[in-house]
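Me: I've got this one open and want a quick walk through the fold. Can we go piece by piece?

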Amino acid sequence: GKQHKQASKPKKKRTKNTMEAEDIITGSSSTGPYIADNIRVGGSGKLTIVGFPYDMGCKLNGGRPGGETGPTQFRKSLKQARLPKVNPFTKIDVSSIGLADEEDIAGLLELPDAHKQLENRVYNVLNRGSIAFCIGGSNDQSYPNASALLQVAGEDAVAVINIDAHFDVRPLNDGKAHSGSPFRLLVEDHRFKNAGGVFVEFACQGSQCSVDHLGFLEENQCGVIWLDREIRKVEVGDGKEIAGFNIKTQAGVRFASLLEELATKVKKIFVSFDIDSIDSAFCPGVSCASIVGGLTANEATEIALISGVHPKVALMDVSEFNPAVEGYRTGKLVANIYYNFALGINLRSEDN
């Protein structure tokens, strides 16, 4: 609201993305001191949740089942985490941008039909000017999400960043898309190629990736940023700042510089976050846990904040959350990823 214009540096950066408070709460069942109390189900806002309650793609790729309950557990975790509506560091009402929840796509569909319904749902969210936060479910959601963005972008180039321990550019399984294939489908999509799209793998781990799939990425001029080879060699100093926040992690510093680079080449950016890229000490509830190494929880939430701040990020998805493996700790981490993404959007300005 307007009261944020008379405050510290972060609040001054909020511009066209702010909605009046009455736009958020009209028709809401409740409001309260926590972020979960201020998400308008079925309403409109600057940031909109879309759920993908499917794990069939993971099963087709040989992964552990259970991710179909990810969206439901995410919403429960948002309530359990009791994340404050007014962020005490910035004094910003995080809900003031307008937070909405379009709920899950229909369950019990055949997977191709689920993918198409997801694509249509995300397209509608993006087309009305909202930023989408898509929660899975297995990682096959990422191609329908990217396809929706390609529809909205038209002839404009888009960039897609896959934050993942794995490449996820496997061939289809008997003609069927699965959790290991979304970014092969993207890279081979003529709309993506013809518009000059850019695809980058981020935080991938050598022990989790195939040399043949690396060859596919190199043949298609895709970027690869390895966790150990590059991110773990980043020196973190006190000089890097975004929207009043000092960037304090290795992955955060490298990710911020990647966004700056991509912003010179494209109109819109999609950040796809497979949370099996996070060390299982922080994030055990996934289909394929990162046992040796991985991003830290602080890196994950900082990446979300940086993504939210950047004005060209139009879409984020979170994949492979598997409450059947572990739901409480991982659920609270995913809730904090959403919260930091929303906070970042509040801190956007046209000059970021």
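Me: Start with helices α4 and α12. Are they roughly parallel or roughly perpendicular to each other?
Reply: This is a predicted model, so read everything that way. The axes of α4 (residues 70–81) and α12 come within 8 Å and cross at roughly 80°. α4 and α12 are therefore roughly perpendicular to each other.

Me: Which residues meet there?
Reply: From α4, they are F74, S77, L78, Q80 and A81. From α12, they are Y328, G331, K332, V334, A335 and Y338. By class, that contact has seven nonpolar, three polar and one charged residues.

Me: OK, and α11 against α12? How do their axes cross?
Reply: Helix α11 covers residues 297–309 and helix α12 covers residues 328–346. Their axes come within 6 Å and cross at roughly 30°. That makes α11 roughly parallel to α12. The crossing is right-handed.

Me: Which residues make that contact?
Reply: On the α11 side, A297, A300, T301, A304, L305, S307, G308 and V309. On the α12 side, L333, N336, I337, N340, F341, L343, G344 and I345. The contact has ten nonpolar and six polar residues, and no charged ones.

Me: What about α10 and α11, left-handed or right-handed crossing?
Reply: Right-handed. Helix α10 spans residues 250–263, and its axis comes within 8 Å of the α11 axis, crossing at roughly 25°. α10 and α11 are therefore roughly parallel to each other.

Me: And who touches whom?
Reply: Q250, A251, G252, F255, A256 and L259 in α10 meet E299, E302, I303, I306 and S307 in α11. The split is six nonpolar, three polar and two charged.

Me: Switching to the sheet. What's the strand order?
Reply: Nine strands form an open sheet: β1-β5-β2-β6-β13-β12-β7-β8-β9. The pairing is parallel.

Me: Which strands stand at the edges?
Reply: β1 (39–41) and β9 (223–226). Each has a single partner strand, so one side of each is left without a neighbour in the sheet. The twist averages 20° from one strand to the next.

Me: Remind me, what do strands pair through?
Reply: Backbone hydrogen bonds, either parallel or antiparallel.

Me: Back to the β1 end. How many bridges join β1 to β5?
Reply: Three, with the strands running parallel. V41 stands opposite D101 in β5.

Me: And β2 to β5, how many bridges?
Reply: Four, and those strands run parallel too. The bridge partner of I49 is D101 in β5. So D101 shows up on both counts: it sits opposite V41, and it is the partner of I49.

Me: How is β6 joined to β13?
Reply: By four bridges. β6 is residues 131–136, β13 is residues 313–319, and they run parallel. One pair to look at: C134 has D317 in β13 as its bridge partner.

Me: What about β7, buried or exposed?
Reply: Buried. Six of the six residues of β7 (residues 158–163) are buried, so the strand is largely enclosed by the rest of the structure.

Me: Which way do its side chains point?
Reply: V158, V160 and N162 point one way, and A159, I161 and I163 the other way. In a regular strand the side chains alternate between the two faces of the sheet.

Me: Which strands does β7 pair with?
Reply: Six bridges join β7 to β12 (residues 268–274), running parallel. There, A159 has I269 as its bridge partner. β7 also pairs with β8 (residues 198–204) in the parallel sense, over five bridges. On that side V160 has F199 as its bridge partner.

Me: New topic. Which strands does α5 lie across?
Reply: β2 (47–52), β5 (99–104), β6 and β13. Helix α5 is residues 111–127 and runs at about 175° to β2.

Me: I'm looking at Y123. Where is Y123 found?
Reply: In helix α5. Y123 is partly exposed, with a relative accessible area of 25%.

Me: What is Y123 in contact with, leaving aside neighbours within four places in sequence?
Reply: A148, Q151 and V152.

Me: And how far is Y123 from A146?
Reply: They are 23 residues apart in sequence and 9.5 Å apart in space, C-alpha to C-alpha.

Note on methods. Residues are numbered from 1 along each chain as its sequence is written. This is a predicted model: local features need pLDDT of at least 70, side-chain atom pairs count only at pLDDT 80 or more; totals for chains, interfaces and linings use all residues. Side-chain values use heavy atoms; hydrogens and water are left out. Axes are lines fitted to C-alpha atoms, for helices over the stretch in contact, and angles run from 0 to 180 degrees between N-to-C directions. Helices (H or I, at least four residues) and strands (E, at least two) are DSSP runs, numbered from the N terminus. Angles under 35 degrees count as roughly parallel, over 145 as roughly antiparallel, 65 to 115 as roughly perpendicular and the rest as oblique. A crossing is left-handed if the near helix is turned anticlockwise from the far one by less than a right angle, and right-handed if clockwise. Contact means heavy atoms within 4.5 Å. Ala, Val, Leu, Ile, Met, Phe, Trp, Tyr, Cys and Pro count as nonpolar, Asp, Glu, Lys and Arg as charged, and the others, Gly among them, as polar. Two strands pair if DSSP finds at least two bridges between them. Buried means under 20% relative accessible area, exposed over 50%, partly exposed in between (1.4 Å probe, protein chains only).
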